[in-house]
Amino acid sequence: MDMIWKKTVRQVVLVLWVAVCDDEVMECYHIAVKIKEILQEMKIPCMVRQFHSGEELIQSSESFDIIFLDIIMEGLDGLKTAQAFRDKSFDRILIFISSSREYVFDAYDVEAFQYLLKPVDDRRLQRVLQKAVQKNEKGAQEFMIASKGRQKRKLFLGDIYYFEIRGRTVDVHGTDGVFTYYERIGNLEDSLRGKGFFRCHKSYLVNLKYVAAYNRQEVVLDNGERIAIAKRRYEEFCREILEYMRTNGGIA
């Protein structure tokens, strides 16, 4: 299958995606290995990726829960890299690693979670990871992994406005733009059942979270986009949106 669905909330919460960015290749490798060892000891399944420049990290299509950033790097340094993520509304955990205390206050300007000094003490790293995992679990979101060829993308359901289906091609319209991959509509609809999405038309699965208004012809989303409603689906849509509002505090 082109899409791997994390079937339960528990599974989603415990899958941790971690990035380590350091232009010193061996330093990056050793930190990544140590992070993976600590998380395995904590019995937390994880994906740990290594990057050797800020540009490489920013261009990655993967979404990370925790990012470890060296500050002093050639090209785009750690602070500028962090700011680029914050400018894109990245609200996950940033942890800086540096050989100098000089940038501590600059780091907190971009809402750093922790600031570690090199060489990184194993016990200190373990304590920071434990705190970061706890913080991540409190703010964890459900997500899906969509695959297109060799490219994989972690998509948070709360950031998706709607899915547009064109044959076996699916366009995922979200806060970060559009991502296209291949999937059967039946499989996609089954995977999203009970997740706050509704198939209002043969070509659209809409996130009820972003519905601002609707009538018999169309749904208007918070971002102003208009999605068609099939006549035969209108009554069911009304029931679904009202139930969603009750469940999520929209109405008593």
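Helices (H or I, at least four residues) and strands (E, at least two) are simply DSSP runs here, numbered from the N terminus. This is a predicted model, where local features need pLDDT of at least 70 and side-chain atom pairs count only at pLDDT 80 or more, while totals for chains, interfaces and linings use all residues. Residues are numbered from 1 along each chain as its sequence is written, and side-chain values use heavy atoms, with hydrogens and water left out.

**View 1. Helix H7 and what follows it.** Start with H7, residues 185-192, where Ile185, Leu188, Glu189, Ser191 and Leu192 are buried (under 20% relative accessible area, with exposed over 50% and partly exposed in between; 1.4 Å probe, protein chains only). They sit on the same side of H7 because they cover an arc of only 160° around the axis; that arc is the one made by the directions from the helix axis to the C-beta atoms. After H7 comes Gly194, with a positive phi near 80°.

**View 2. The open sheet and helix H2.** Here 5 strands line up in the order S3-S2-S4-S5-S6, with parallel pairing (two strands pair if DSSP finds at least two bridges between them). At the edges are S3 (46-51) and S6 (114-117), each pairing on one side only. On average, neighbouring strands of this sheet are turned by 20° against each other, direction ignored. Helix H2 (residues 25-41) packs on the sheet and touches S2 (16-21), S3, S4 (66-70) and S5, contact being heavy atoms within 4.5 Å. The direction of H2 makes about 170° with that of S3; axes are lines fitted to C-alpha atoms, for helices over the stretch in contact, and angles run from 0 to 180 degrees between N-to-C directions.

**View 3. Strands S5 and S6 up close.** S5 (residues 93-98) runs parallel to S6, and 4 bridges join the two. Look for Ile97, whose bridge partner in S6 is Leu116.

**View 4. The hairpin of S7 and S8.** These strands, residues 143-148 and 151-156, run antiparallel and are joined by 6 bridges. Met144 has Leu155 in S8 as its bridge partner. There are 2 residues between the strands, and Gly149 takes a positive phi near 65° in this hairpin.

**View 5. Zooming back out.** All told, the protein's secondary structure comes to 8 helices and 16 strands. Its C-alpha trace spans about 65 × 40 × 35 Å along the principal axes. Of the 252 residues, 47% count as buried.
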